[in-house]
Protein chains: 2
Amino acid sequence: MTVSISRVGEILRDAEDVLILTHIHPDGDCLGTGAALCRHLLSQGKRATVVNGGPVPKKYDYLFEGLPQETFEPKTVIAVDVADTTLLGDLAVYADRVDLCIDHHVSNKLYARETYLCPDDAAAALSLYRVLRTLGMPIDKPMADALYTGLSTDTGCFRYSNANAEAYRAAADLIELGADNAAINVKMFETKPISQFLLLSDAFAGLRLFCDGKVSVLKITQEMLEERQADEDSFDFLTALSRQIEGVVCGITMKQQEDGHYKISLRTHEPVDASAVCALLGGGGHKRAAGCDAGPDEEESLKTLLSFLAEQLGCAV
Amino acid sequence: MTVSISRVGEILRDAEDVLILTHIHPDGDCLGTGAALCRHLLSQGKRATVVNGGPVPKKYDYLFEGLPQETFEPKTVIAVDVADTTLLGDLAVYADRVDLCIDHHVSNKLYARETYLCPDDAAAALSLYRVLRTLGMPIDKPMADALYTGLSTDTGCFRYSNANAEAYRAAADLIELGADNAAINVKMFETKPISQFLLLSDAFAGLRLFCDGKVSVLKITQEMLEERQADEDSFDFLTALSRQIEGVVCGITMKQQEDGHYKISLRTHEPVDASAVCALLGGGGHKRAAGCDAGPDEEESLKTLLSFLAEQLGCAV
């Protein structure tokens, strides 16, 4: 069941030996929220620690500076930013005993005993910030840094449509509470592994445009991925760039898998419904982002998508 | 002389037939501030128009939608975001008769009869927003869009260190007043000309690293610039990326000029003082961004810089 802030206050007040869980592929929001909550509980004299659903990228190390890495049998288990127990990864053992979940995903499965769910929040960090502020709890600099990190990373540094007035206002408050916003954003947004730039260079060297420049196609081979030692993040970065080309309303990225066949990712602007296009090949997703499998002949599959797009956009392939 | 908000209020109230001036190479801040001020004056039943110090990139067209493009002999001249009359470009004819300047550059020359100068503001748009709010003036959706545009573009979408708490709070207010922040940010930050991606691809294909990966070197030839039809913006974009490579503390970009010789641009992180490095070749600039001329042999000049950097960073070239 979902609960109000005052009930969250009771749970936090009564919590003892608290294990805070984040999700697989931990990101700035679950880590920032987890770290801030841990610091709050420690400041109340409680034992608390954060355990993560997967390995934590090094760039987030600052969130955990000075936090004790204790192992203990928890009496209270709290999940942050975890919409479903399938996202607990290595922590699935706790799936049945989550006492409280603080989350902002509308898709939250309400698997926890009690859930503070705020689907309009840009980040779980915003939900936790509201809780702490409403309860009159102090927020020190490390907590402000952690909450700002969650808010900034989940909004693409306040760029995406989920960055509403409350998100901006919370950021203002957190900066006044000591969050080092500029340094955090350099770390989160202005530093990329070299593999990312090299893969980008390779991919754009083979850029193809169709439909009067409205459709872009990037093709990434296993050879490129191996040569550049590129990871999943680099691929996500490229996929996002595919629709940032001026005039492009549909960015298609084809990525070769280890077995040699291709997967296709679409990122679109109005009026292209990415999910409808991918459905042609049995795939799916959202309006602005979707994917499908390219089957045995990726260029044939691409032709199928391009014909459909040309018809929809009223242009020749 | 500098003046207070209440005096700005008097000037705006008494203004008639107002010409609003922006600077050469108009950016989101001068254009957004100019457009918002123009809309305010029109709403007060005055005649007003914005004239720009140079050609306005197409992506800013939305700021001026529905604004009359009148020509008239001005009775009041107001400059926005213009620190010095040398930045008026084609509008230098008005240099001696600027009645009011609204600006946030600490370097403002106080050339106007009266100047509302706020050097702590992230953008002139923030200064104007404070004026309008303090005076109790209504802000409609097009004004909110324009002011948000100024604030967002001058802070790199709230990423830079100038984005302080007041900037975030003003953005929150403007979103509540109707600013379409997500759409504006897509237009400003998520759309780049294809030439930019292609030049990036070319440049990174030849990326060189020195000093254990602490120094990156990108070399851009005239051939690349011509083939990709790349403009100055594309070069700025590359220069910025040169120091975003993980581990790099000094990004060096060498750009061939039309006469064949090279100019060098440096972007650095702590502890490299870009200005001190460029001084070796007679150049200069700021701590984090500086430039110099590479002289007749650019590779020799590069060696000079690399030797100095290797010594400073304690590594082999």
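**Sheet, flanking helices and two-fold relation**

In chain A, five strands build an open sheet, ordered β2-β1-β3-β4-β5. The pairing is parallel. The description rests on a predicted model. Two strands of chain A lie at the edges of the sheet: β2, residues 48-51, and β5, residues 114-117. Each of these pairs on one side only. From one strand to the next, the twist averages 20°.

At one edge, β5(A) pairs with β4 of chain A, which spans residues 100-103. Four bridges link the two strands in the parallel sense. Within this pairing, D103(A) stands opposite L117(A) of β5(A).

Two helices of chain A pack on the sheet. Helix α1, residues 5-14, touches β3 (76-80), β4 and β5 of chain A. The direction of α1 makes about 130° with that of β5(A). Helix α3, residues 124-134, also packs on the sheet and touches β4 and β5 of chain A. The direction of α3 makes about 115° with that of β4(A). Strands β4 and β5 of chain A are thus touched by α1 and by α3.

The relation between the chains was examined next. A turn of 180° and a shift of 0.1 Å along the axis lay chain A on chain B, with an RMSD of 0.2 Å. This is the relation of a two-fold axis. S201(A) has the C-alpha nearest the axis in chain A, at 2.0 Å from it. Both copies use the same surface. Of the contact residues of chain A, 100% recur in chain B.

Key: Residues are numbered from 1 along each chain as its sequence is written. Chains are lettered from A and ligands numbered from 1 in the order in which they are written. This is a predicted model: local features need pLDDT of at least 70, side-chain atom pairs count only at pLDDT 80 or more; totals for chains, interfaces and linings use all residues. Side-chain values use heavy atoms; hydrogens and water are left out. Copies are superposed by least squares on the C-alpha atoms of residues with pLDDT of at least 70 in both. Contact means heavy atoms within 4.5 Å. Two strands pair if DSSP finds at least two bridges between them. Axes are lines fitted to C-alpha atoms, for helices over the stretch in contact, and angles run from 0 to 180 degrees between N-to-C directions.
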